[in-house]
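Biologist: Can you show me the model, so that we can go through it together?
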Number of protein chains: 2
Amino acid sequence: MCEKKFRSTCPISSALDLFGDKWTLLIVRDLLYHGSRTFKDFYQAEEKIPSSRLADRLKKLEQLGALTKENHPTNKKVFIYRLTQKGKDLAPVIVDLITWGNKHLEEHISEESKEFAKRLEENREGVLKELMK
Amino acid sequence: MCEKKFRSTCPISSALDLFGDKWTLLIVRDLLYHGSRTFKDFYQAEEKIPSSRLADRLKKLEQLGALTKENHPTNKKVFIYRLTQKGKDLAPVIVDLITWGNKHLEEHISEESKEFAKRLEENREGVLKELMK
DNA sequence: ATAATTGCTTTCAAAATTGAAGCAAAATGT
DNA sequence: ACATTTTGCTTCAATTTTGAAAGCAATTAT
């Protein structure tokens, strides 16, 4: 049953089998920053994910158990997505991508992100703890 | 000139524009573990990358400045690939993927990787230092 | 009652990926 | 010296994935 899913028994390769694309970790990013999001929220992010892609990435992440989908308390048409612990555990990866990007793509990174990256360098553990709570 | 290359000024999204696929970080992985590799070495890795993909990922990583390509000292047909500092700086990302994979995909991860992950948990900084040197 | 919003699904062309075969230069074997 | 193998790719057809746009049904707002 896993034979089709993973290329090898390497944890890196296996993680990439799940997250190795241009969109999945951006969904995780938005949830790390905001705690909870709706379809529309993700859809309106700067990077402009196509709704078809967004729908299937959310489905995959839910099936994987990295996020949950629950009803909005008052609006039946809206769903609320949140990270599970499995999803939150991706925070270190995300945070290291920020550090790498900030160091090596500095010229085109936003000031806001640079400041976040600075906080990270000063206190990685603290920032991580905050993000994952 | 960057307008086509990056979807936004977010460092995460930008890093994913460069590394967000199933193969690129496996090349980095092999170089982190082994120091230097040849085309054949990468090609023979467990995950079976197609040679066409390998060729263009190596080219992209070289253009990006994440690795260098140099001549073999005695065999003119062989090239030696090595990580630059820019490439080595991806080590934290790789290492966090190992930690995540080991925790959440435990049942299908090799014993060898589990042991490495254990060393990581005990001494992340030390292992990182070793990998990046 | 009508219009707008939300969370999708559908469609389809374009782009990326795979797997296999091919190839030239260099190295190795005899 | 000559044939064979190795190495590092390139090429190509077939399949898969993606992106852009349109569509849609069930609410919700007016």
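Modeller: What follows covers the contacts with one DNA strand and then a sheet. This is a predicted model, where local features need pLDDT of at least 70, side-chain atom pairs count only at pLDDT 80 or more, and totals for chains, interfaces and linings use all residues. Residues are numbered from 1 along each chain as its sequence is written, chains are lettered from A and ligands numbered from 1 in the order in which they are written, and side-chain values use heavy atoms, without hydrogens and water.

Biologist: How many residues surround DNA strand C?
Modeller: There are 22, and the closest are Lys40(A), Ser51(A), Lys77(A), Tyr81(A) and Lys76(B). A residue is near the strand if one of its heavy atoms lies within 4 Å of it.

Biologist: Which part of DNA strand C comes within 4 Å of the protein?
Modeller: Sugar and phosphate make up 69% of those atoms.

Biologist: What lies 2.6 Å from a phosphate oxygen there?
Modeller: A backbone N or O atom of Lys76(B). In Lys69(A), a side-chain N or O atom is 3.0 Å from a phosphate oxygen of DNA strand C.

Biologist: New topic. What is the strand order in the open sheet of chain B?
Modeller: The order is S1-S3-S2, with antiparallel pairing. Strands are DSSP runs (E, at least two residues), numbered from the N terminus, and two of them pair if DSSP finds at least two bridges between them.

Biologist: Why do S1 and S2 of chain B each have a side without a neighbour?
Modeller: Both stand at the edges with a single partner strand each, so one side of each is left free in the sheet.

Biologist: And what stands opposite Arg37(B)?
Modeller: Tyr81(B), in S3(B).

Notes: Helices (H or I, at least four residues) and strands (E, at least two) are DSSP runs, numbered from the N terminus. A polar contact is a pair of N or O atoms within 3.5 Å; within protein, one must be able to donate a hydrogen and the other to accept it, and residues adjacent in sequence count only if both atoms are side-chain atoms.
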